[in-house]
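Biologist: I am new to this structure and would be grateful for a guided account of it. May I put my questions one at a time?

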Amino acid sequence: MTTELTATRPIRPDQPDRQVRVLRDGWTMTKRNLSHVVRSPEEIAIYFSLPIMFVLVFGYVFGSGMMVPDDGSYREFLLPGVFAMTMLYGMGATGTAIAYDVGRGVVDRFRSMPVARSALVVGRSVADLVRAVLEITVLVVCGLAVGWQWHRGIGNALLAVGLLLMLRIAITWIGIYLGLAVPNPDVVGLIVFPLAFPLTAVSNVFVAPELMPGWLGTIAEWNPLSATVAAVRELFGNPGLGGDTWIAQHSTLMAIGWPVLLTAIFAPLAVRRYQHLSR
Amino acid sequence: MNEPAIVADGVRKRYGDTVALDGFDLIVPAGTVHGLLGPNGAGKTTAVRIFATLLRFDSGRATIAGYDVARDAGTVRGLIALTGQYAAVDEVLSGRQNLLLFGQLLGLSKRQARRRADELLEQFELTDAATKSAGQYSGGMRRRLDLAASLIRTPDVLFLDEPTAGLDPRSRNRLWDAVRSVVGRGTTVLLTTQYLDEADQLADHISVMDSGRVVAEGTADDLKARIGGDRIEVIVHHAGDLRTTADLVERITANRADVDLDQRQVSAPVRERVAALTEVVRALHDTGVAVEDIGLRRPTLDEAFLSLTGRPTGSPDPAPEPSHESGRREEISA
C-alpha cells in the first residue's frame with residue numbers, strides 16, 4: 001500500500017471560474033461519451049445497420065413500386081428521408097445513455113463532485129453531434145453507392161447537413177428528457193421505437209404526402225421530420241419537393257423553426273427533470 | 001479541528017407520505033470513523049444523500065466541516081467523496097479510464113490524473129485489470145474501483161454507503177482492509193451498514209438508526225453491552241411447564257427470562273454459554289419437564305434493535321425500556 005494519499009492534498013484543484021469549468025467539464029464529459037463509441041463499436045454498428053438496411057430494403061425492394069412526384073428516382077427521393085430518420089432514431093442512443101447513467105448511480109457521483117452542473121448534458125449533446133456527423137458520413141457513402149447524389153453544389157449540401165444536425169440537437173434534448181424521466185435504459189429502448197416509427201411512417205420520408213389521403217397528407221406535411229426532409233431534398237436537389245401548400249413552400253423556414261421550437265420545449269423540461277433528481 | 005466534520009441537526013425529509021428522516025441528529029468529530037447502523041428503510045442512505053448534496057430536505061440543518069450542505073453545496077462538494085451502494089463507476093470505460101475521467105473532472109491535469117490513476121490501481125490491486133471494462137469486474141473489484149475513485153484526492157469527508165452489501169466474505173475483508181488503509185490520514189468517514197459486525201470492524205463510534213432517527217449511540221462495546229450476548233432458548237412441550245422452566249432458567253443464568261406463550265418458549269441472556277446450557281438441561285431433566293427444543297443463539301439484528309429501542313424495527317410506538325436490560329456488560333465473540 002503506497003502512502004501517496006497524503007501527498008495529493010497540495011494538488012487539490014483550485015477553483016477556476018465558472019465559465020472555464022463549464023467548458024472544461026463539458027469537454028471532459030464529451031471525451032468520455034466518445035470513448036464509449038470507441039470501446040463498444042458493436043453498438044454503433046447496430047445503429048448504422050438500421051438506416052443502411054432501410055436504404056437497401058426501401059430503395060430496392062419497395063422502391064420499384066413507389067411513385068415519386070416529377071418522375072424522379074426513388075432512391076434519390078429516399079436518401080434525404082433516411083438521413084432525417086437516422087437523426088430521429090438517435091433519440092434512442094441519447095435516452096438510453098442518460099437513463100443508464102442515472103439508473104446506475106454514475107450521475108450521483110458526478111453530482112456529488114465539484115463538477116459543472118451542465119457537464120452531463122453538454123457532454124451528451126456534443127458527443128451525440130459528433131456521432132451524428134459520423135452517421136451522416138456513412139450514409140452519404142452508402143447513398144453515393146446506390147446512385148444518390150447532391151446536385152446543387154457542396155455549399156448547399158453542407159447547409160443540408162447543418163439542417164440535419166439542427167434536428168439532431170432537438171432530438172438530443174428530447175432524448176435527455178426521456179432518459180431522465182424514465183431512468184431505465186431497457187424501458188427507454190422499448191419506448192423509442194413506438195414513438196419514432198409513426199413519425200417516420202406518417203411523413204414524407206418514404207412516400208410523398210400529396211399521394212396520401214388528404215387529411216393524412218396534411219398531418220404528414222406538418223410532421224417536424226417532413227420539414228427537415230423537404231428542405232434537405234431541396235438543398236441536395238433531390239426529387240419530391242412537394243405540392244404548393246403553404247407548408248411545402250416554406251420547408252426551409254419550418255426545418256429551422258421546428259427544431260428551435262422542440263429545443264425550446266424540451267431543454268427546460270430536461271433541466272427541470274435534472275433538478276428534480278434531488279427531490 | 002474543533003469544528004465537527006459532520007453535523008445534522010433535526011433534519012427532516014419526507015417523500016410524499018413516507019417520512020424518511022424524522023429529526024435526525026448526528027455529530028461526527030473530524031478524523032473519526034462513524035458507523036450508521038440500521039435496517040433497510042431506517043434512513044441511512046437518505047442521510048448520506050443529504051450530506052452529499054444529492055438530496056434536498058424539508059427542515060433542520062446539515063453541515064460538512066461547518067459548511068451548510070444546502071447553502072454552500074458547491075463548497076461541500078469540494079470536500080467530500082461518495083462511494084455508493086451501487087458502484088457508481090462507468091461500466092463501459094476501463095478501470096484506468098474511470099480514474100482518469102474522475103481525476104480530470106476534479107481538475108487534475110492529464111499528467112497528474114494519469115499518475116494518480118496508476119498509484120490507485122496499484123494500491124487497490126487493480127493494476128492487472130486496469131484496461132478491462134469496469135462492467136467485467138467482479139463485485140469486489142468494482143467496489144474497490146469505486147473507493148479508489150473517491151480517493152483521487154484525499155477528501156475531508158468520505159461517505160461509504162453500504163460498501164460491502166452483496167459481497168462475499170473474502171471480498172468484504174479485502175474492502176475492509178482498503179477502507180482501513182485510508183482512515184487515519186485525516187479523512188472523516190461516515191459508513192452506513194446493516195451489519196453490526198462491519199460497524200464493529202471499522203467504526204470508532206456507532207449511531208443506530210431506526211425510522212429516520214438515531215435511537216442509540218456509542219462505541220461498539222457500549223452497544224454490545226446493551227444488546228447483550230448469547231441467549232439460551234428452551235421450548236417446552238406443555239405450556240403448563242413454562243412457569244417452572246422460567247424460574248429455573250432465571251436461577252441458573254441470574255438474568256430475567258422472557259416467556260413467549262405462543263411459542264411455549266423461555267429465553268434469557270447467558271454469560272457462560274456451555275455451562276449454562278448443561279446446567280439448564282440437567283435441571284430440566286431432574287424436574288421432569290418435557291423439552292421440545294433447547295439451544296444457544298446470538299441475538300439477531302432485530303433483537304438488537306428490540307433491546308436498544310424497546311420495540312421491534314418498524315413498529316410505530318416506543319415501548320418502555322425492557323427491564324431485563326439492567327446495564328450488564330456482556331462479551332460476545334465477533
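Biologist: Among contacts in chain A between residues at least 6 apart in sequence, what share joins residues at least 24 apart?

Modeller: The model is predicted: local features need pLDDT of at least 70, side-chain atom pairs count only at pLDDT 80 or more, and totals for chains, interfaces and linings use all residues. Residues are numbered from 1 along each chain as its sequence is written, and chains are lettered from A and ligands numbered from 1 in the order in which they are written. With contact meaning C-beta atoms, placed from the backbone, within 7 Å, the share in chain A is 82%.

Biologist: What is the corresponding share in chain B?

Modeller: For chain B, the contacts considered have a separation of 6 or more. Residues 24 or more positions apart account for a share of 67%.

Biologist: How many helices and strands does chain A contain?

Modeller: Helices (H or I, at least four residues) and strands (E, at least two) are DSSP runs, numbered from the N terminus. Read along its sequence, chain A follows the pattern α-α-α-α-α-α-α-α-α-α-α-α. The C-alpha atoms of this chain fill a box of roughly 75 × 35 × 35 Å along the principal axes. The count for chain A is 12 helices and zero strands.

Biologist: Against which helices do the buried residues of H2(A) pack?

Modeller: A residue is buried if 20 or more other C-beta atoms, placed from the backbone, lie within 10 Å of its own, exposed if 12 or fewer, and partly exposed in between. In chain A, 45% of the 279 residues are buried. Those of H2(A) are Arg21(A), Asp25(A), Gly26(A), Thr28(A), Met29(A), Thr30(A), Arg32(A) and Asn33(A). They pack against helix H6 (119–145) of chain A together with helix H3 (95–105) of chain B.

Biologist: Which element gives the most residues to the side of chain B that touches chain A?

Modeller: The contact takes 36 residues from chain B and 29 residues from chain A. On the chain B side, helix H2 (73–77), strand S6 (80–83), H3, helix H4 (110–123) and helix H6 (169–182) each supply at least two residues. The one that gives the most, with five residues, is H4(B).

Biologist: How many helices and strands does chain B have?

Modeller: Chain B has 334 residues, of which 47% are buried. Its secondary structure comes to 11 helices and 14 strands.

Biologist: Which helix packs on the sheet with the order S2-S1-S4-S5 (chain B)?

Modeller: This open sheet of four strands has antiparallel pairing, where two strands pair if DSSP finds at least two bridges between them. Strand S2 (18–28) and strand S5 (67–68) of chain B are its edges, each pairing on one side only. Eight bridges join strand S1 (residues 6–15) of chain B to S2(B), and Arg12(B) stands opposite Asp22(B). The helix packed on the sheet, touching S1, S2 and strand S4 (59–64) of chain B, is H1(B).

Biologist: Why is one side of S12(B) and of S14(B) left without a neighbour in the sheet?

Modeller: The order of this open sheet is S12-S13-S11-S14 (chain B), and its pairing is antiparallel. Strand S12 (258–260) and strand S14 (291–297) of chain B stand at the edges, so each has a single partner strand.

Biologist: Which helix packs on that sheet?

Modeller: S12(B) is joined to strand S13 (residues 265–269) of chain B by three bridges, and Val259(B) has Val266(B) as its bridge partner. Touching strand S11 (231–236), S12 and S13 of chain B, the packed helix is H9(B).

Biologist: Which residue in the turn between S9(B) and S10(B) has a positive phi?

Modeller: Five of the six residues of strand S9 (residues 205–210) of chain B are buried, so this strand is largely enclosed by the rest of the structure. Four bridges join strand S3 (residues 33–37) of chain B to S9(B) in parallel, with Leu37(B) opposite Val208(B). S9(B) also pairs with strand S10 (residues 213–218) of chain B in the antiparallel sense over five bridges, where Val208(B) stands opposite Ala216(B). These two strands form a hairpin with two residues between them, and the residue with a positive phi, about 45 degrees, is Ser211(B).

Biologist: Which helix provides the largest share of the largest nonpolar core?

Modeller: A nonpolar core is a set of buried Ala, Val, Leu, Ile, Met, Phe, Trp, Tyr and Cys residues joined through C-beta atoms within 7 Å. The largest has 143 residues, and those with the most contacts inside it include Ala84(A) and Phe51(B). The largest share, 18 residues, comes from helix H4 (residues 74–103) of chain A.

Key
Two residues are in contact if their C-beta atoms, placed from the backbone, lie within 7 Å. Axes are lines fitted to C-alpha atoms, for helices over the stretch in contact, and angles run from 0 to 180 degrees between N-to-C directions.
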